[in-house]
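Please study the sequence and the model shown below. The exercises that follow are each accompanied by a worked solution.

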Amino acid sequence: MAEVISLFPSWDMVLYLVLMGFVAAFIDSVVGGGGLISVPALLATGLDPVLALGTNKAAAVMGAAMGAFTFFRSGKVDMSLMMYLFPAAFFGSIGGVVVLRQVPPDFLRPLVVVLLVVVAVYSVMKKEWGRDNNYNGLTPAILRLSLLASGIIGFYDGFFGPGAGSFLLFAFLLIGFDFLRAAANARAINFASNLGSVLFFILIGEVDFSYSIPMGLSMIAGAKCGAVMALKKGAAYVRPLFLIVTSVMIGKQIYTLITG
């Protein structure tokens, strides 16, 4: 079990965590990818990698809850799907954290790069994709595929994480949602995966609450602002942000592969 830092961070450290958390949650609440900001920010404080991941999840779950709640109040979240997909992502993420304790996740990085490239290229090529909502309701085939995707992405989010929000958004686009509704439903499922993984991280003692609480409180504000902005601007705002964040994630993963 990792040793948890007991001293409260200095005020300049708190300010740093608050700023990084706000920006990360603003982006994450719409298209995912906030971990690209929050995880390196926590690693820069000196936390070991597993503790940083657990601390990040404890903060991110606060922002994810606010983002999901904001989208839910707007009526953009499909509750007939959530009643099935939420548990799949929740338990999938717990499984991911369990495996993380046994197997280093870095072997996944090349596959993640390939998948992110596919997502980005497909989204660019289909210019009209996600502009209109073409989801026609829950069918047995959609339910099976959605359950599989939620469980796998939930597992991946607990085990490794980068791009999980983008993969969820892409999955909802595939079944016919527009970009805004896809972002809303992806945020609800991402909250489930964050919740499952953070409960397990807490259980095994891999969360530093002195870092996660100030960062998490700022993530609540960032997620609220990001979700409100998305609801106000619509799919025309979400699509380019999705492509930008996905491209940045591709570059980050490639850089990590090259530099080791």
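**Exercise 1: The second largest pocket**

The lining of the second largest pocket divides into 22 nonpolar residues, two polar residues and no charged ones. Here Ala, Val, Leu, Ile, Met, Phe, Trp, Tyr, Cys and Pro count as nonpolar, Asp, Glu, Lys and Arg as charged, and the others, Gly among them, as polar. The model is predicted: local features need pLDDT of at least 70, side-chain atom pairs count only at pLDDT 80 or more, and totals for chains, interfaces and linings use all residues. Residues are numbered from 1 along each chain as its sequence is written, and side-chain values use heavy atoms, with hydrogens and water left out.

Task: State which helix gives the most to this lining.

Solution. Step 1: α5, α6 and α7 each supply at least two lining residues. Step 2: α6 gives the most, with ten residues. (A pocket is an open set of points on a 1 Å grid over the protein atoms alone, where a 1.4 Å probe fits, with protein on both sides within 12 Å along at least five of seven lines; lining residues have an atom within 4 Å of a point. Helices are DSSP runs of H or I, at least four residues, numbered from the N terminus.)

**Exercise 2: The span of a helix**

Task: Determine what α6 should span at 1.5 Å a residue.

Solution. Step 1: The expected span is 1.5 Å times one less than the number of residues. Step 2: α6 (residues 140-159) has 20 residues, so the expected span is 28 Å. Step 3: The end C-alpha atoms of α6 are 28 Å apart, which agrees.

**Exercise 3: After the helix**

Task: Describe the phi of G161.

Solution. G161, just after α6, takes a positive phi of about 110 degrees.
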